[in-house]
Amino acid sequence: MPTVPAAPPGAADSFRVRFPSLKDTVHLASCSQGAMSEHVLTALQEFQWSLRDRGAPWGEWMAQVDAARAAFAAHIGARQDEIAVVSCASEGAYQVASTLDWSRRPGLVSTDMEFPSVAHVWLAQERRGAQVRYVPERDGRVPAEDYAAAIDDSTNLVSVPLVSYRNGARLPTAETVRAAHAVGARVFVDAYQGLGVLPVDVRELDCDYLVCGALKYLLGVPGIAFLYVRGGLRDDVDPQLTGWFGRVDPFSFDPRHLDFPDTARRFETGTPSIPSAYAAAAGLRTLADVEPKEIEAHVDALAGYAHARLTEIGETPASPAGPERRGPQVAIADPAPDALAAALAERRIVTSPRGSLLRLSFHYYNNRSDVDALIDALGEIRAL
Ligand SMILES: Cc1ncc(COP(=O)(O)O)c(C=O)c1O
């Protein structure tokens, strides 16, 4: 009998096999922590080995921080000198807020769909004179005209998440940038819930600042985030949190002299998390192997399939139905999402409960069999 060669695996299948845990686990929690690739596993082992074998190889470690910075810059179409390496999104938000003079223009526009830690940084600025205004959520989303209506010529900063952490709704980032710039306000985008799946080009989007941590859709681990600061932006006042990494020459070691470079590094502080930098560089390298548009189309199709199947079995999706309004996540309403997540975890399905919702999120490594496994498990659990 003639042998038929096996069909070559699709690009998404080849991507999936790089994530060892997916052999026995359905990972639907990239909105919380991305699945761990073999590249990240190896990178973390390399960090351990660098300690064991070479003791204190600062040169190697800084090269990993710069590799992560460069990969992030490439991912969003920025220059490397427009990226500050920070420890978390809140730190990035704080650094930006601390450089604005609220006495000149007090307005800070945010939304109820903002992730709380970023919103809390904005609220804390009220002690420095900021006046925070929240654009409310309407039917699970925030219309562009509502953002535009909240912006006026007293607005200094507009903060708009790319995607809601809660229900996966896309926020009107492009329209909001246009409305803010029309009155001379700056725009901060928290891209944490989309970047890695939704392609972002900062030149096209034209935002002034963008923040994103590495652990979710960028496939890294906690402890590191990146702050994009558009080249050429001038601060009203110097960043309030600083350290030796924020100097023109960190190796000048002069405790009596404080200078700030023109680059985004002026927002950096002390020693970055080196293990997180190893993992972030590895995660971004894994992503760079695939066309961003292909990742977006794959995840769009999968989220659409999940939305339809969840509706079919009587679940209540709390996310917008149309792909143009939805990010990589479909959330369902549930009276006890923590208990539901625990029941799914017993069946090796990892999800993410928040408030009154169970979040189910998708990446390029997920496929329809993951959704089918979820639907079967939900059927079983609901029948108990
Ligand atoms: C949209 C968004 N922003 C920020 C964060 C986290 O902020 P931080 O890095 O300050 O913990 C999360 C979730 O962890 C998030 O979903």
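A residue counts as buried when its relative accessible area is under 20%, and as exposed when that area is over 50%. By that rule T173, T176, V177 and A180 are buried in helix α7 (residues 173–182). The model described here is predicted. The points below cover three helices, a sheet of seven strands in the order β2-β8-β7-β6-β5-β3-β4, and two single residues, Q329 in strand β9 and G10 in the segment before α1.

**Helix α7**

- The buried residues of α7 are T173, T176, V177 and A180; viewed down the helix axis they fall within an arc of 105°, so they line one face of α7.
- An α-helix has 3.6 residues a turn, so residues three or four places apart point the same way.
- R178 and A182 are exposed on the other side of α7.
- The partners against which the buried residues of α7 pack are α6 (144–150), β5, β6 (186–190) and α8 (202–205).
- G184, just after α7, has a positive phi of about 80°.

**Helix α2**

- Helix α2 has 17 residues (residues 38–54), which at 1.5 Å a residue should span 24 Å; the C-alpha atoms at its ends are 23 Å apart, in agreement with that expectation.
- V40, A43, F47 and S50 are the buried residues of α2. These residues cover an arc of only 70° around the axis, which puts them on the same side of α2.
- Exposed residues Q48 and R52 sit on the face of α2 turned away from its buried side.
- The cover over the buried residues of α2 includes α3 (58–76) and α9 (274–288).
- G55 comes just after α2 and takes a positive phi of about 75°.

**Helix α11**

- In helix α11 (residues 337–346) the buried residues are P337, L340, A341, A343 and L344. Their directions fall within an arc of 160° when seen down the axis of α11, so these residues line one face of the helix.
- D338 and E346 are exposed, on the face of α11 turned away from its buried side.
- Among the elements that cover the buried residues of α11 are β9, β10 (349–350), β11 (352–354), β12 (357–361) and α12 (368–383).
- R348 follows α11 and has a positive phi, near 60°.

**The seven-stranded sheet**

- The sheet is open and its pairing is mixed; the strand order is β2-β8-β7-β6-β5-β3-β4.
- β2 (83–86) and β4 (131–135) stand at the edges with a single partner strand each, so one side of each has no neighbour in the sheet.
- On average, neighbouring strands of this sheet are turned by 20° against each other, direction ignored.
- Strands β3 (residues 107–111) and β5 (residues 155–161) run parallel and are joined by three bridges. L108 has L157 in β5 as its bridge partner.

**Strand β8 and its two neighbours**

- Five of the five residues of strand β8 (residues 225–229) are buried, so β8 is largely enclosed by the rest of the structure.
- A225, L227 and V229 point one way from β8, while F226 and Y228 point the other way.
- In a regular strand the side chains alternate between the two faces of the sheet.
- Four bridges pair β2 with β8 in the antiparallel sense, and I83 stands opposite Y228 in β8.
- β7 (residues 209–213) also runs antiparallel to β8, and five bridges join these strands. L210 stands opposite Y228 in β8.

**Residue Q329**

- Q329 lies in strand β9 (residues 329–333). With a relative accessible area of 1%, Q329 is buried because the value is under 20%.
- A polar atom of the Q329 side chain lies 3.3 Å from the backbone oxygen of Y165.
- Beyond its neighbours within four places in sequence, Q329 contacts C31, S164, Y165, R166, N167, G168, Q193, Y217, S319, R359, L360 and S361.

**Residue G10**

- G10 belongs to the segment before α1 (11–16). G10 is partly exposed, at a relative accessible area of 31%.
- G10 and S276 are 266 residues apart along the chain, and their C-alpha atoms are separated by 30 Å.

Notes:
Residues numbered from 1 in each chain as written. Heavy atoms only, no water. Expected span 1.5 Å × (residues − 1). Buried < 20%, exposed > 50% of the residue type's maximum accessible area, 1.4 Å probe, protein only. Arc of directions from axis to C-beta. Contact = heavy atoms within 4.5 Å. Pairing = 2+ DSSP bridges. Axes fitted to C-alpha atoms, helices over the stretch in contact; angles between N-to-C directions. Polar contact = N/O pair within 3.5 Å; in protein donor to acceptor, adjacent residues only side chain to side chain.
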